[in-house]
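Work through the following exercises with the sequence and the structure side by side, and try each task before reading its solution.

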Amino acid sequence: MTEPISPTPAEQSLDDIAVMLAPLVRWLLVQGIPLNALVRTLRGVYLTEGHDDLARRGRRVTDSALSVLTGIHRKEVRAFMEAHHEPTGASASVSRLTPTPASALFSQWITDPAYREPAGEIRRELPRHGPAPSFEALAREASRDVHPRTLLEELERLQLVEVQPERVRLLSDRFVLPLHDPAAVHTMAVNVADHIAAAVHNLQAELPSERLLEQSVFADGLSAASAHHLGEVARQLWGVALEGMVREAHAQIAQDAARGRQPTPDHSDERNTRARFGIYYHLEVNKSNNPGED
């Protein structure tokens with residue numbers, strides 16, 4: 001009798017990849033995005049990442065090398081390279097991974113001690129103009145490239161503020177975007193991309209000290225009420241973590257600037273690193289009963 005062939009590590013990984021892709025595919029189906037459109041996008045990402053991988057390893061980037069690495073036919077590789085000249089996929093679009101000026105302004109408003117009431121609560125109304133604490137001053141601190149009026153109009157469009165003749169009132173303490181807003185999809189994309197990037201980095205890290213924070217707490221056998229209660233606890237914990245992390249990030253940025261570390265044209269300086277810290281909470285009905293930690 002022939003012994004069954006054991007799955008290769010790559011085949012086993014594909015089973016786990018299917019688990020990761022399932023929620024995304026559910027969303028794609030709701031959005032009406034068919035498989036062939038996703039395949040076209042995925043082909044471009046494969047070629048972009050393949051190009052970057054060869055370059056990082058000091059290999060010559062050719063149509064043949066890309067074809068062998070990605071499994072994509074040479075004719076398709078050549079057509080893609082001729083159309084794009086240089087790959088412009090996910091890894092090349094670093095700017096797409098940075099927060100929008102509106103979200104940066106919002107985060108600073110709800111975390112900056114200068115925009116708190118004497119009792120420590122968020123100052124929910126600011127003068128539109130004038131020195132700090134005002135919306136104009138806050139907007140100029142958050143972004144030097146976007147006019148305060150433009151930021152104000154964007155926050156109003158997102159229903160996060162109410163604009164009065166001389167005052168701006170904050171309507172929410174969370175940057176929650178309206179349903180179907182393109183910015184909501186962008187926010188999801190960059191958050192999920194960095195989460196996956198951290199997890200993949202950890203799978204490749206040789207030493208424990210090289211691994212990034214990527215942990216979760218898992219509890220099963222809960223009632224619906226208990227699960228929703230834990231969700232509220234998670235929101236409260238995030239509020240504390242957000243305030244502390246933003247405050248520390250501003251302190252580190254100011255400290256780097258005080259040391260005179262200015263970016264150079266060849267990006268060989270020490271200020272070329274970005275970081276993202278996030279949290280998520282998910283619940284669904286299932287049949288297992290064992291609390292534990294991932």
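Two strands count as paired if DSSP finds at least two bridges between them. Keep in mind throughout that this is a predicted model.

**Exercise 1.** Work out how strand S1 and strand S3 pair, and then place them in their sheet.

*Solution.* Begin with the bridges: S1 and S3, which covers residues 167–170, pair in the antiparallel sense over three bridges. Along this pairing, Leu126 stands opposite Val168 in S3. Next, widen the view to the open sheet of three strands, whose order is S1-S3-S2 and whose pairing is antiparallel. The edge strands are S1 (125–127) and S2 (161–163), since each of them pairs on one side only. Finally, neighbouring strands of this sheet are turned by 20° against each other on average, with direction ignored.

**Exercise 2.** Find which strands helix H5 lies across, and which strands helix H7 touches.

*Solution.* Start with H5 (residues 101–111), which lies across S1, S2 and S3 and runs at about 85° to S3. Then turn to H7 (residues 148–157), which packs on the sheet and touches S2 and S3, while its direction makes about 120° with that of S2.

**Exercise 3.** Decide how helix H2 is oriented against helix H4, and describe their contact.

*Solution.* First take the geometry: H2 (residues 35–56) and H4 (residues 74–84) pack at an angle of about 80°, with their axes 11 Å apart. Because angles of 65 to 115 degrees count as roughly perpendicular, H2 is roughly perpendicular to H4. Then list the residues that meet: Arg43, Gly44, Leu47, Thr48 and His51 in H2 face Glu76, Val77, Phe80 and Met81 in H4. Sorted by character, the residues of this contact divide into four nonpolar, three polar and two charged.

Note on methods: Residues numbered from 1 in each chain as written. Predicted model: local features only at pLDDT ≥ 70, side-chain atom pairs only at ≥ 80, totals over all residues. Heavy atoms only, no water. Helix = DSSP H or I, 4+ residues; strand = E, 2+ residues; numbered from the N terminus. Axes fitted to C-alpha atoms, helices over the stretch in contact; angles between N-to-C directions. Contact = heavy atoms within 4.5 Å. Parallel < 35°, antiparallel > 145°, perpendicular 65-115°, else oblique. Nonpolar A, V, L, I, M, F, W, Y, C, P; charged D, E, K, R; others polar.
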